[in-house]
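Biologist: I'm new to this one, so could you walk me through how you reach your labels?
Modeller: Sure, have a look at it first.

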Amino acid sequence: MSEHSISVTVNGTQHELTVEPRTLLVSALRDELGYTGANVGCETGRCGACTVREDGETIKSCTRLAVQADGAEIETVEGLADDGDLSALQERFQEHHGLQCGYCTPGMLMSADTFLRENDEPSREEIREAIEGNLCRCTGYQNIVDAIEATADQLGEQR
């Protein structure tokens, strides 16, 4: 099978890699580049465990081929922390017990972070709509919504 050379920038670091045409972006991130935050869940785009940002937009990386990301700027959950310091959203998830098994957490964080970049004072209903593409089998979502709401409140106070 033929291979393709691609270039992607992940969390600010440029990477050159060679992939097969069928390689999924989530697999390239995890297996080739070591960014293991995005999880492989359903492999159909329904669960959201593999959510990352591509050129600023959230995507399900299990539905995107790595060759489609050639030249793209990819942000993974590992990029939310700043020199090992958790982001405000990550801290609120921890404080509000917005995670249990943690499998969905990277995707939830990426979706919520993108949402909060565009929404200053979201309602709880808007928060729920923003994360509806991310499934969680453990938490019941209440603590996740609480964590996102608390982050929005904190960011609003800082503005």
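Biologist: Why is Arg64 called partly exposed?
Modeller: This is a predicted model, and in it Arg64 has a relative accessible area of 24%. Buried means under 20% and exposed means over 50%, with partly exposed in between, so at 24% Arg64 gets the middle label.

Biologist: And what makes Arg64 and Glu54 a salt bridge?
Modeller: Their side chains meet at 2.8 Å, N to O. The rule asks for a side-chain nitrogen of Lys or Arg within 4 Å of a carboxyl oxygen of Asp or Glu, so the pair at 2.8 Å passes. Arg64 lies in the loop between strand E4 (57-60) and E5, and Glu54 in strand E3, so the pair ties together parts that are 10 residues apart in sequence.

Biologist: Is Glu54 buried or exposed?
Modeller: Buried: Glu54 has a relative accessible area of 11%, and the cut-off for buried is under 20%.

Biologist: How do you know that Arg53 and Asp113 belong together?
Modeller: By the same kind of check: their side chains meet in a salt bridge at 2.9 Å, N to O, and the limit is 4 Å. This pair links distant parts of the chain, with Arg53 in strand E3 (residues 51-54) and Asp113 in helix H3, 60 residues apart.

Biologist: Why do Arg53 and Asp113 count as buried?
Modeller: Arg53 has 1% relative accessibility and Asp113 has 15%. Buried means under 20%, so Arg53 and Asp113 each get that label.

Biologist: Which salt bridge joins helix H4 to helix H5?
Modeller: The one between Arg124 and Glu149, at 2.7 Å, N to O. Arg124 lies in helix H4 and Glu149 in helix H5 (residues 142-158), so the pair ties together parts that are 25 residues apart in sequence. Arg124 is partly exposed at 26%, and Glu149 is also partly exposed, at 26% relative accessibility.

Biologist: Which residues form a network?
Modeller: Salt bridges that share partners join Arg53, Glu75, Asp113 and Arg117 into one network. Over the whole model, the count comes to 10 salt bridges.

Biologist: What makes Glu125, Glu126, Glu129 and Glu132 a patch of negative charge?
Modeller: They gather on the surface, and Glu counts as negative. A patch residue needs over 30% relative accessible area and no salt bridge, and like charges are joined within 9 Å. Take Glu126, in helix H4 (residues 124-130): its relative accessible area is 36%, so Glu126 clears the 30% cut-off.

Biologist: Which residues touch the most other members of the largest nonpolar core?
Modeller: Of its 20 residues, those are Val8, Val10, Leu17, Leu29, Leu33 and Ile74. Strand E1 (4-10), strand E2 (13-19) and helix H1 (25-32) each supply at least two residues of this core. The largest share, four residues, comes from H1.

Biologist: Why point out the phi of Asp83?
Modeller: Because most residues other than glycine have a negative phi. Phi of Asp83 is near 50°, a positive value. Asp83 sits in the loop between strand E5 (73-75) and helix H2 (88-95). His97 is not a glycine, yet has a positive phi of about 55°; His97 lies in the loop between H2 and helix H3 (105-118).

Biologist: How do you know that Asp83 and His97 are exposed?
Modeller: The cut-off for exposed is over 50%. Asp83 has a relative accessible area of 78% and His97 has 55%, so Asp83 and His97 are exposed.

Terms used
Residues numbered from 1 in each chain as written. Predicted model: local features only at pLDDT ≥ 70, side-chain atom pairs only at ≥ 80, totals over all residues. Heavy atoms only, no water. Patch = residues over 30% accessible without salt bridge, like charges linked within 9 Å, V, L, I, M, F, W, Y side chains within 5 Å. Areas by Shrake-Rupley, 256 points an atom, 1.4 Å probe, with all protein chains shown as cover. Charge placed at Lys NZ, Arg CZ, Asp CG, Glu CD. Buried < 20%, exposed > 50% of the residue type's maximum accessible area, 1.4 Å probe, protein only. Core = buried A, V, L, I, M, F, W, Y, C linked by side-chain atoms within 4.5 Å.
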